Amino acid sequence: MNGWTGTILKVDLTSGRLWRETLPAEFLHAYLGGRGLGVRLMRGFHTLDPFAPEMPLIFAAGPLCGTTAPTTDRLAVVSRSPLTGTICDCSSGGRFPRQMKSAGFDALFLSGASPRPVVLRINGDTAELVPADALWGKTVPETIATLADAGSVAAIGPAGENGVLFANIMVGEGNGGGRGGLGAVMGHKRLKAVVVDGARSVTTIADRQRFQLACQDVLRLFRASPIIFGELGIAEYGTPALVDLVNQRRMVPTENFRRTYFPESRNYSGPAIRREYGAQKGGCSGCPIQCLKLTPRGEYLPEYEALSHFGALNGISNLAAIVRANTVCNELGLDPVSAGATLSAWGEGRGRFPAADELPGLLADIGHRRGDGALLALGSRRVAEQLGNPGLSMSVKSLELPAYDPRGAYGMALAYCTSNRGGCHLRAYPLSHEILRKPVATDRFSFSGKGRIIKIAEDTNAAVDSLMACTFSFLGATLEEYAELLSAATGIEYSPQSLGETGERIYLTERFYNCANGFSVADDLLPERFYVEPGSGGDGIEVPAIDRARFDEELQKYYRIRGLTPAGTFADPRFLEKLP
Amino acid sequence: MYDQIAKYTRKLVADRSALHGWIAFAAQDDHLLTAGEPYLAQLAGDVLGRLDALGLVAARPSLPFADFIVRRTSDQSLIIPRDTETRTFLHDIPFVRSDEFAAGGPELLARLLGNRKGVIVEGVGIVAVGAVTVEQAYINYSSVFHAVFVKYLQDLLTGGFLLPGEREALEGFRSDWLRPLTADGLVFRPGPLTEPALILSEVTTVGRYTVERGLVDSFFGNISCRGDDMIYISQTAASLDELDGCIDPVPFAATSTTGITASSELAAHRRIYETSDARVILHGHPKFSVVMSMQCEREGCEITDCWRDCPHVRILGGTPVVAGEIGAGGLAKRVPPVIGESGRALVYGHGVFTTGRQDFAEAFRLMVEVENWCRHEYFRRLAER
Ligand code: SF4
């Protein structure tokens, strides 16, 4: 088979049994890989408790991983989120995905729970579980350093071991872009890490010349995109390039979303970070963009979301403190977005946001679930409920919102609510057209047409996350070029339209799982604050509260476009059975 | 959405890329709507209803070039655009012959548009889709129109007239469609401009002039003016005739990244300001300039991707021509060294940069001169064939 390896490694952590299985070609063609494959493999397990031993934790690469297709050496980790109760997938880069594919696997399917801490070690053709008692309790960098000789590492830190509901699985030291607490699922399985050393590149390409031409088309579009390779773009400054822009657009969540403007953010802007830290480029293997930034000593610098949520959201402008907080998250294996947002909700609740110098201690307490950290480790929704003020949690479906205030972009407002993993901007990435003007600009203060735009983008991104290309690629390239890459690599003809249909299939499968777990229109809702309090207007920009009636109207349009009922559910309870 | 449809119908008429009365749009959110000429509106709706996209335009181009291109070949099913701007974003443009359309109908068009942004239908016109907005459908239509225009004129230079009616059509195009290109009647604010509010207002005005006088295709192109420590530059994907609120102030010293949304040619603009005494820059894609920039007569050259790799500086009517991809490709390196002297430069298969040492009057006049020279030279060479 071209593109895919066609093989999955299954591991029963309870019994310690490991075996290979062939993945049906129809699955691969219909769900591509990555997120789509993981979501399909969750069928039948999707209503289990996230911490039930039988709950699978799936690592999946895409059909272009291991080729030179730009930004496609990425990994999806899929399971059910203990934070949100929704289906959850996280995308990461690093060297791990290519190594996993080189070891011959499109995916790893990890179920059961080991009686003692273990590491899954894959070396070429051999795979084994090895005891890891000595690693339990270690930080992510310590774990990676210990295992580095055995290959590329995906690991949890103390946060995952201790069941923090927003613990991450770190794929390499700086690639923890995950949301939803899948690190805690891994911790419950007592799986400390997966380390993999692939023997050889196994991804074969059906039509090399066609593939090379498609690669050139993609790279030309990257170079033509000011957002990617422009002199102020993410290749130069990483995602911190957004700090100035989002603030200028008056949509930076400040002090738990009470305000939307934070002039002090200039202290941690892209240029400020470059000035203070001499930031150097880093990133995922095989990616020409290299959007991650490191200090000359190799310490990963925060991405936009972490900067903004430890910064503006908590009223902190001290860059060193923010960098330190981000590093603590990387060490403990914590999602910095949920961490920053949970601290902020708690801060508003107790009448005082954390001071810059309190951050490292509070984060350590969260990672170890001690002191105030025991409560904070549950995420903002549960914290706010325990404080008796549920409205403090700025989350959708319990997932803390990222650093774009929905009052400043109405497609974003809708997308937060329709995202299948809870309040996330990446499922539809409306930032691209509402703020970054790609592929064209849309009116960010209008709901007009947004229902369909979000639907199309969700489908597109579900396909992108299954090809396992990076979202940022699509600030330059489109599915046209990636369909061409996929067709050339696999020898099977794909088009943007057919990939959109694949994305739709994946999206609806996820939504069906969520509905089976009780989610409905009542959960597709923003926190009350956004419907009643205006943001911080100024400089000729008005940021009013969102018109609830108009929001509801567009949500209903979205449901109709999706073929859902007015309750956001499926009219046909056998819907899933009709899909491949 | 009807307001959007009305707006872009007006634009298609104003930029004379579509025939008045032969324009239709379809758009859909949770239901489909159509507007415009009844036959085309029906077609637009039938096609869009089969696609997951927001808008679609079907219109008859104001020039017969697309149909001529189709009929000049018997064995092809698509056009590869020659100009780099269009080729970067469109790759190729499928065309459907009238007998294929009779057999395949909207289903066939939907299949093709599931893969590409625009398609030519012989005897019908150009059908283009916008995934996200009605405006995007208009842009894609306009890009196809531009690509066809450039390719057909180039084909004529290399292959001559092949079909009955072609020569007459071109003569009609020359005498009726083309208008004298001048800067007459336009009012420019005398420079140098230093006051930010005045700069923003002047950039907005001159952006509109470039569209009104046909110096850009759809709205592609960019424009900037330098202040004391800032470059004021049009945003990426900004309509040059609607720049109000779409101009980014970018500090010369990289102290802020607010300008991440600035034009993809920011690097070229910055470099030109750094290496010359320019105070304003205009960049457009006037069609004859694009055509003539590709007429290289060097014999025995081994370079195949001339638009990207040509290392030579050619002179065309006093204007230097260089190669270079858009954005972070080679253009930002190759244009600044050659533009200083004359204040003008042509980019192979792409467009024209001009500068003004004081204000936009000079930059605009230079762009008009370049295009007029290329237009004149084109017809001279065609007559000589
Ligand atoms: S753009 Fe950044 S996150 Fe995306 S693949 Fe490249 S380095 Fe990784």
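In the predicted model, 26 residues of domain 1 of chain B are in contact with 24 residues of domain 2 of chain B. Domain 1 of chain B spans residues 2-177, and domain 2 of chain B covers residues 196-383. Taken over C-alpha atoms, the centres of domain 1 and domain 2 of chain B are separated by 27 Å.

Chain A was examined for its secondary structure and overall dimensions. Its secondary structure consists of 24 helices and 15 strands. Along the principal axes, the C-alpha atoms of chain A fill a box of roughly 60 × 50 × 50 Å. The radius of gyration of chain A is 22 Å, which agrees with a compact globule, because a globule of 580 residues would be expected to have a value near 25 Å.

The packing of chain A was then considered. Among its 580 residues, 67% count as buried, that is, they have under 20% relative accessible area. Of the contacts in chain A with a separation of 6 or more, 71% are accounted for by residues 24 or more positions apart.

The surface and the charges of chain A complete the description. Chain A exposes about 17,300 Å², and carbon and sulfur atoms supply 49% of this area. Chain A carries 60 positive and 61 negative charges, and the mean positions of these two sets are 1 Å apart.

Notes:
Residues numbered from 1 in each chain as written. Chains lettered and ligands numbered in written order. Predicted model: local features only at pLDDT ≥ 70, side-chain atom pairs only at ≥ 80, totals over all residues. Heavy atoms only, no water. Helix = DSSP H or I, 4+ residues; strand = E, 2+ residues; numbered from the N terminus. Rg over C-alpha atoms; globule rule 2.2 N^0.38 Å. Buried < 20%, exposed > 50% of the residue type's maximum accessible area, 1.4 Å probe, protein only. Contact = heavy atoms within 4.5 Å. Areas by Shrake-Rupley, 256 points an atom, 1.4 Å probe, with all protein chains shown as cover. Lys, Arg positive; Asp, Glu negative; His and termini not counted. Charge placed at Lys NZ, Arg CZ, Asp CG, Glu CD. Domains from an automatic or database assignment.
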